[in-house]
Amino acid sequence: MIAEDGVLIREGIAGLLRRFGHEVVAAVGDPDALVEAVHEHRPDLVVTDVRMPPGFSDEGLQAAIRLRAEDPALPVLVLSQYIEQTYAAELLESGRRAGVGYLLKDRIGDVTEFADAVDRVAAGHTVVDPEVVGQLLGRRRDPLTRLTPREREVLALMAEGRSNAAIARTLVVSEAAVAKHINGLLAKLDLPPDDDVHRRVRAVLAYLRG
């Protein structure tokens with residue numbers, strides 16, 4: 001199935017997939033419809049854009065990550081004009097039992113190259129644009145870039161000396177959610193279990209250096 005908000009592009013991808021022998025069970029234009037259609041049709045492969053309504057930021061990619069969390073065996077091929085580094089890495093690290101791909105639209109050389117990528121992802125392989133690989137390798141050199149936007153918010157409030165309760169009130173979330181974000185960001189900053197106070201201090205120092 002296909003998720004792409006541009007009607008002409010969506011129909012073009014659908015026609016191309018049919019040309020190479022694939023059945024398109026659904027073609028939708030927003031992330032909510034993508035999730036609903038996957039639940040209904042259980043496709044063998046999802047091809048999705050990154051930037052979709054309503055915010056045109058990373059809604060399609062986040063929906064793909066959500067679907068992979070629900071079903072790690074679901075193959076997903078992402079097509080994008082841009083590299084969304086944080087979520088791209090999260091997508092590529094998800095679903096160990098299924099194929100995954102991240103291709104830049106402008107770098108797809110021809111239709112046979114795209115069709116080959118579709119087949120490889122559907123068969124359980126990983127297909128990643130070389131430019132995406134390069135940026136993600138650069139990203140790995142700075143642990144702060146591993147953090148999600150929410151984790152960075154939490155870390156910024158930690159740097160202000162806020163307690164978990166104060167962070168929860170500021171972000172209007174539960175203290176349990178704050179604790180989960182803190183555990184996540186500490187792991188991503190390569191701060192293994194130790195004295196919690198010392199880990200928080202070291203995390204804040206990493207934030208201030210960044």
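A residue counts as buried when its relative accessible area is under 20%, as exposed when that area is over 50%, and as partly exposed in between. By this cut-off E4, at 4% relative accessibility, is buried. The structure described here is a predicted model, and the report treats its salt bridges, a buried acidic residue without such a partner, its pockets and one helix.

## Salt bridges

Side chains of opposite charge can pair when their charged atoms come close. A search of the whole structure yields six salt bridges. Three of them are set out below.

| Salt bridge | Closest N and O atoms |
|---|---|
| E4 with K105 | 3.1 Å |
| D116 with R120 | 3.6 Å |
| E151 with K188 | 2.9 Å |

The buried residue E4 is paired with K105, with 3.1 Å between the closest N and O atoms. This pair connects distant parts of the chain, since E4 sits in the loop between β1 (2-3) and α1, whereas K105 sits in the loop between β5 (100-104) and α5 (111-122), and the two are 101 residues apart.

The pair D116 and R120 belongs to a single element: both residues lie in helix α5, four residues apart, about one turn of the helix. D116 has a relative accessibility of 38% and therefore counts as partly exposed. R120, with a relative accessible area of 36%, is partly exposed as well.

E151 and K188 form a salt bridge whose closest N and O atoms are 2.9 Å apart. Because E151 lies in helix α7 (residues 149-159) and K188 in helix α9 (residues 175-188), the pair ties together parts that are 37 residues apart in sequence. With a relative accessible area of 7%, E151 is buried, while K188 is partly exposed at 26%. Elsewhere, salt bridges with shared partners join E4, D49 and K105 into one network.

## A buried acidic residue without a salt bridge

D58 is located in the loop between β3 (46-49) and α3 (59-70). Which side chain of opposite charge is nearest to D58? That side chain is R51, 7.7 Å away; D58 is buried yet has no salt bridge. The cut-off for a salt bridge is a nitrogen of Lys or Arg within 4 Å of a carboxyl oxygen of Asp or Glu, so the distance to R51 does not qualify. When neighbours within four places in sequence are left aside, D58 is in contact with V50, E84 and Y87.

## Pockets

Rolling a probe the size of a water molecule over the atoms shows where empty space is left. The largest pocket holds about 230 Å³ of space. Its lining comprises 15 residues, and M1, H22, E23, D44 and L45 lie nearest the centre. By class, the lining of the largest pocket consists of 10 nonpolar, two polar and three charged residues.

The second largest pocket contains about 150 Å³ of space. I9, G12, I13, L79, K105, I108 and F114 make up its lining. Here K105 appears again, the residue that forms a salt bridge with E4. Helix α1 (residues 7-19) gives the most to this lining, contributing three residues. The lining of the second largest pocket divides into five nonpolar residues, one polar and one charged.

## Helix α8

In helix α8 (residues 164-171), the buried residues are A166, I167, A168 and L171. Just after α8, V172 adopts a positive phi of about 55°.

Note on methods
Residues numbered from 1 in each chain as written. Predicted model: local features only at pLDDT ≥ 70, side-chain atom pairs only at ≥ 80, totals over all residues. Heavy atoms only, no water. 1 Å grid on protein atoms, 1.4 Å probe; cavity = no way out; pocket = protein on both sides within 12 Å on 5 of 7 lines; lining within 4 Å. Points joined across faces, edges and corners; volume = space filled by probe spheres on them. Nonpolar A, V, L, I, M, F, W, Y, C, P; charged D, E, K, R; others polar. Buried < 20%, exposed > 50% of the residue type's maximum accessible area, 1.4 Å probe, protein only. Lys, Arg positive; Asp, Glu negative; His and termini not counted. Contact = heavy atoms within 4.5 Å.
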